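Work through these exercises with the structure open beside you. Try each task before you read its solution.

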Amino acid sequence: TTVTVSSTASHPIPTTLWGQMFEDISSGDGGLYGELLQNRAFQQVTPGTSAALNAWQAVNRASVSVVADSVKLSNALPNALRVQIPTGVSGQTGVANTGYFGIRVNSAWTYTASFFYRFPTASSFRGNAVISLQTSSSQVLGSATVALSGAQTSWTQVTAKITPTSSPSATDNLFVVSVDGAAASGQTINFGLFSLFPPTFKNRANGMRMDVAEALAEMQPSFFRFPGGNNLEGNSLPSRWQWNNTVGPLTQRPGRAGTWGYINTDGLGLYEYLLWCEDVGMEPIMAVWDGFDLGGSSVAEANLQPYIQQAIDQINFVIGNPTTSAPAAMRSSLGHPAPFKLTHVEIGNEDFIGNAPSTIAYRWNHFASTLRSTFPQLRFLATSNVNSPRLTPQPQEWDLHVYQTPTWFAQNSFMYDDFARDGTLYFEGEYAAISTNPNDIFGSPSDGRLTFPTVQSAVGEAAFMTGLERNSDIVFAASYAPLLNHVANSQWTPNLVSFDSANVYRSTSFYVQKLFSLNRGDQYIPSTLPSRTGTLFWSVVSKQTNTIIIKVVNVATSAQTIAFNLPFSGISTTGTAQVLTGAATASNSPTTPNAVAPASHSIPVGKTFSYSAPANSLSVLTLGIN
Ligand SMILES: [NH3+][C@H]1C[C@H](O)[C@@H](O)[C@@H]1CO
């Protein structure tokens, strides 16, 4: 194959081209969000049920149960953990939390622990509670004591710092709050809103888990789409994501039944998302709920106004004027008087599924008309199939999603070449090669579904991404989905980044996303087009004025040579190749975390040069222009 490269760029590459899509799908609580305790505030549970005690267990014969306390901690957090200390017990007794499938204990960290308590009946008890991190065999790894008073019948919060003395490799550790059985014999103590945080990314209060955050930031994403995805939509109208339930003190956040089958604490809420975007240098692509839930129901046209108002308030929280908007005033009171950066707002998530298409016309019309006139500076994305049904007002932007086989991605890299250039812009908001079985894309691993990305799936995605880069005159953003996943509690596979309570696993697809993102250009340079149905793909960009970057993708199972004719003089004689390659079915996983990683080496380059692209590979060739 010989590729002749043009001497002039065709279009600037949008700075937002490569980024991340996020929703809580075993990825927020217990993942990116730094809280280490699961079911920390007994949100959205039925008192007295075993589910209410999820992740909690009694220590040394205490009797524990979740109650709807007659004196609520707050309207948002009405449930409490009642701990009854038996008589005749010696030694520490109380309650333990098992975390999100484990708790990492690291002696390099100082942990911040806290909880609320009250004595439902005043008592003469005065004594210490010990807050500790323990192994599963009750070895204390670190602890702190706080004074409890039986006179405290209203809710009060206690906080303590814990610096462990060792760092066990095991993560089946426990967070324990206990009292001396003899001293507290017969006492009843109510607890609420426990919390245990390690140090967080950029030391943000109520912030992100460092190693997960650092892995995501390593990709240098330019945007962050949140809060979903299906988790925006909810499985019912009342359980949809609602911005106002996710901001302010944690005692004001009721949590919700998340779309993915577990309770969301909403400790990772709108303000945390926005600070995270600023901390990583991403702009938000924020979604508003648009009247359709995954139970299949749509809000009737006559009843849309309150939900449109809720969307207006959500947007005003982000960009509104604190002197004229209450949501904006709340943002200011939380510490961010200036508006956050926001350009793109997505209306809904996937208005092409189920019976959403039957109501999207009026839902879009009312949401888009009102929001566009309220916020003329913003651009709103539709999420139904493009122009099917036709929508009024005509969408400025669309979010398209595709989950397919590696082969499909390699064979559809020209998808956007065929789109009309009519001013409409596109966001490839979710894409991933998730199965090798074209007849059962969303099936189980026994039927072709991938558990972790493979070299073959990542390289297929890379082929598709050369097309996104070529068409970045109309594709302004693209993100793999899902982004993140706890291996002990997956709701969906494969995922870009996986983790357990102590490790982060960067997938083959993560490295493809990172290679494109860290080697993005600012101008697209046309060249001989690849064959649409071939196995060799490429994309040429220029960076500043003195660097040419060529991405070469070989989806074949044997090496292929590609020759380049460059029109530029002063090409350096030596370039760099960063190559991701390996066996087609190789994956990075908890058992093989580093099976596949990019490697760099020098290559001979010049005005004309050849490159041998390995089988199953993405190569990023970087050439300097003197
Ligand atoms: N069903 C997929 C489409 C939806 O938008 C996401 O929440 C899901 C996983 O990425």
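**Exercise 1: Domains**

Find how far apart the C-alpha centres of domain 1 and domain 3 lie.

Solution. This is a predicted model. Start with the bounds. The domain assignment gives domain 1 as 2–11 + 524–624, domain 2 as 51–197 and domain 3 as 222–392. Now take the C-alpha centres of domain 1 and domain 3: they lie 39 Å apart.

**Exercise 2: The open sheet**

Give the strand order of the open sheet, and explain why one side of β3 and of β22 is left without a neighbour in the sheet.

Solution. Step one is the order. Eight strands run β3-β14-β17-β18-β19-β20-β21-β22, with parallel pairing. Step two is the edges. β3 (20–21) and β22 (475–480) each have a single partner strand, so one side of each has no neighbour in the sheet.

**Exercise 3: Following β14**

Trace the bridges that β14 makes with β3 and with β17.

Solution. Begin at β3. Two bridges join β3 to β14 (residues 223–226), and the two strands run parallel. Q20 has F224 as its bridge partner. M21 is partnered by R225. Next, move to β17 (residues 283–288). β14 pairs with β17 over four bridges, in the parallel sense. There, F223 stands opposite E283.

Finish with the side chains of β14. F223 and R225 point one way, F224 and F226 the other, and all are buried.

**Exercise 4: An alternating strand**

Sort the side chains of β32 by face, and decide which are buried.

Solution. β32 spans residues 608–613. One face holds F609, Y611 and A613, which are buried. The other face holds T608, S610 and S612, which are not. The cut-off for buried is under 20% relative accessible area. Then look for a partner strand. β29 (residues 560–565) pairs with β32 over six bridges, in the antiparallel sense. Within this pair, A563 has S610 as its bridge partner.

**Exercise 5: The ligand**

Which residues surround the ligand, and how much of the ligand does the protein bury?

Solution. List the shell: E23, G229, N230, W260, N349, E350, H401, Y403, E430, P482 and W492. By class, this gives four nonpolar, four polar and three charged residues. Now check polar contacts to ligand oxygen atoms. A polar backbone atom of N230 is 2.7 Å from one. A polar side-chain atom of N349 lies 3.0 Å from an oxygen atom of the ligand. For Y403, a side-chain N or O atom is 2.8 Å from a ligand oxygen. Last, the area: the ligand alone exposes 290 Å², and the protein buries 93% of that.

**Exercise 6: Backbone exceptions**

Where are the cis peptide bonds at P389 and P482, and what is the phi of F42 and of Q44?

Solution. Recall the background: most residues other than glycine have a negative phi, and most peptide bonds are trans.

- S388 to P389 is cis, with omega near 5 degrees. P389 lies in the loop between β19 (379–382) and β20 (397–404).
- A481 to P482 is cis, with omega about -10 degrees. P482 sits in the loop between β22 and β23 (484–486).
- F42 has a phi near 55 degrees, a positive value. F42 is in the loop between α1 (28–32) and β4 (56–59).
- Q44 also has a positive phi, near 55 degrees. Q44 lies in the loop between α1 and β4.

Compare their exposure. F42 is buried, at 1% relative accessible area, whereas Q44 is partly exposed, at 45%.

Conventions. Residues are numbered from 1 along each chain as its sequence is written. This is a predicted model: local features need pLDDT of at least 70, side-chain atom pairs count only at pLDDT 80 or more; totals for chains, interfaces and linings use all residues. Side-chain values use heavy atoms; hydrogens and water are left out. Domain bounds come from an automatic or database domain assignment. Buried means under 20% relative accessible area, exposed over 50%, partly exposed in between (1.4 Å probe, protein chains only). Two strands pair if DSSP finds at least two bridges between them. A residue is near a molecule or strand if one of its heavy atoms lies within 4 Å of it. A polar contact is a pair of N or O atoms within 3.5 Å; within protein, one must be able to donate a hydrogen and the other to accept it, and residues adjacent in sequence count only if both atoms are side-chain atoms. Accessible areas come from the Shrake-Rupley method with a 1.4 Å probe; for residues, only the protein chains shown count as cover. Ala, Val, Leu, Ile, Met, Phe, Trp, Tyr, Cys and Pro count as nonpolar, Asp, Glu, Lys and Arg as charged, and the others, Gly among them, as polar.
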